[in-house]
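Got the viewer open? Let's take a walk through this structure, one selection at a time.

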Amino acid sequence: MIDTWLFTALVLGVLALFVILRSIPVRSPADRLVAGTVAVTLVAMTALTLSIAYGTLIILDLVIVVALIGFIIMLWIAKHPGADRS
Amino acid sequence: MSSLLADWGIWALLFTGTVFCGFGLMGLLIFPDTMSRMFTAFRATAIGLGAVILAVLLYGFSLFMNNGGVQYLALILHTLLLGGVLAAGTWGMYRIIRERIRLEQQVNSCRPPAVPDPD
């Protein structure tokens, strides 16, 4: 029998991968920030469903910290135009 | 195991959440400008996130009512914390990116139109 949580995590993980791949060829910084925000949200949802599928809260704790750090970095980049240009 | 009614509710919410996240990805792919891409992707992903979080809350609550146990309360609290972090982050990004796009549009509208070279 297919585990519903694991299957949902798989689908959301594939969607997150597509969003990350879509953000690579983008040239506009605003567009990249949009894709980054969606990617962080999808990865967090994947981890949330994975933590239930595996029955452990460690994954959930880790992803809360990772999402917090990711949003802080992206907000800093968005507040300082030019910081994302290499 | 949770009850059958809760299982159906969880399944429906997970399905809804996944479908709306797919809409968010489609919004990123098919719309022509950044503003409409951001509008669609953020809204659809937020609805999907809400549905998945509701599914987790329903799962935790039904197991807590059936079996008891602190771990289900911890799951509910951690999920609410994650939802808060994601909602606040997405809202902050939405406001900053919208402001940035407005500034870029103002700068572009102030520029004189390009004059073709007479030669």
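Before you click on anything, here is a cut-off to keep in your pocket: a residue counts as buried if 20 or more other C-beta atoms lie within 10 Å of its own, as exposed if 12 or fewer do, and as partly exposed in between. Bear in mind, too, that this is a predicted model. The model scores ipTM 0.89 and pTM 0.88. For chain B, the mean pLDDT is 88, with 91% of its residues at 70 or more.

**Stop one: chain A as a whole.** Select chain A and show it as a cartoon. You'll find 3 helices and 0 strands, so to speak an α-α-α run when you start from the N terminus. Its C-alpha atoms fill a box of roughly 50 × 25 × 15 Å along the principal axes. Of the 86 residues in chain A, 41% are buried. Contacts between residues 24 or more positions apart make up 52% of those in chain A with a separation of 6 or more.

**Stop two: a pair of helices.** Now pick H1 of chain A, residues 4-23, and H1 of chain B, residues 4-30. At what angle do these two pack? It is about 10°, with the axes 10 Å apart, which means H1(A) is roughly parallel to H1(B). To see where they meet, show side chains: on the H1(A) side, look for Val11(A), Leu15(A), Phe18(A) and Arg22(A), among others. Facing them from H1(B) are residues including Trp11(B), Cys21(B), Leu25(B) and Leu29(B). The residues of this contact divide into 11 nonpolar, 4 polar and 1 charged.

**Stop three: the whole meeting of the chains.** Widen the selection: 36 residues of chain A are in contact with 34 residues of chain B. On chain A's side, H1, H2 (29-54) and H3 (58-79) each supply at least two residues, and H2(A) has the largest share, with 14. Colour that side by class and you get 26 nonpolar, 6 polar and 4 charged residues.

**Stop four: the nonpolar core.** In soluble globular proteins, nonpolar side chains tend to be buried together. Here, the largest nonpolar core has 49 residues, and the members touching the most others are Val19(A), Leu42(A), Ala44(A), Leu48(A) and Val52(B). Both chains take part: H1, H2 and H3 of chain A give two or more residues each, as do H1, H2 (34-67) and H3 (70-110) of chain B. The most, 15 residues, come from H2(A). Zoom in on Ala44(A): leaving aside neighbours within four places in sequence, its contacts are Val63(A), Ala67(A), Leu82(B) and Leu86(B).

**Stop five: Ala30(A).** Still in chain A, go to Ala30(A), which sits in H2. Is Ala30(A) buried or exposed? It has 21 other C-beta atoms within 10 Å, so it is buried. Not counting residues up to four places away in sequence, Ala30(A) touches Thr34(B), Ile97(B), Arg100(B) and Ile101(B). Try a distance to Ala78(A) as well: the two are 48 residues apart in sequence, yet 7.8 Å apart in space, C-alpha to C-alpha.

**Last stop: Leu73(B).** Jump over to H3 of chain B and select Leu73(B). With 13 other C-beta atoms within 10 Å, Leu73(B) is partly exposed. Then draw a line from its C-alpha atom to that of Gln105(B), 32 residues away along the chain: the separation is 48 Å.

How values were computed. Residues are numbered from 1 along each chain as its sequence is written. Chains are lettered from A and ligands numbered from 1 in the order in which they are written. This is a predicted model: local features need pLDDT of at least 70, side-chain atom pairs count only at pLDDT 80 or more; totals for chains, interfaces and linings use all residues. Helices (H or I, at least four residues) and strands (E, at least two) are DSSP runs, numbered from the N terminus. Two residues are in contact if their C-beta atoms, placed from the backbone, lie within 7 Å. Axes are lines fitted to C-alpha atoms, for helices over the stretch in contact, and angles run from 0 to 180 degrees between N-to-C directions. Angles under 35 degrees count as roughly parallel, over 145 as roughly antiparallel, 65 to 115 as roughly perpendicular and the rest as oblique. Ala, Val, Leu, Ile, Met, Phe, Trp, Tyr, Cys and Pro count as nonpolar, Asp, Glu, Lys and Arg as charged, and the others, Gly among them, as polar. A nonpolar core is a set of buried Ala, Val, Leu, Ile, Met, Phe, Trp, Tyr and Cys residues joined through C-beta atoms within 7 Å. pLDDT is the predictor's confidence in each residue, from 0 to 100.
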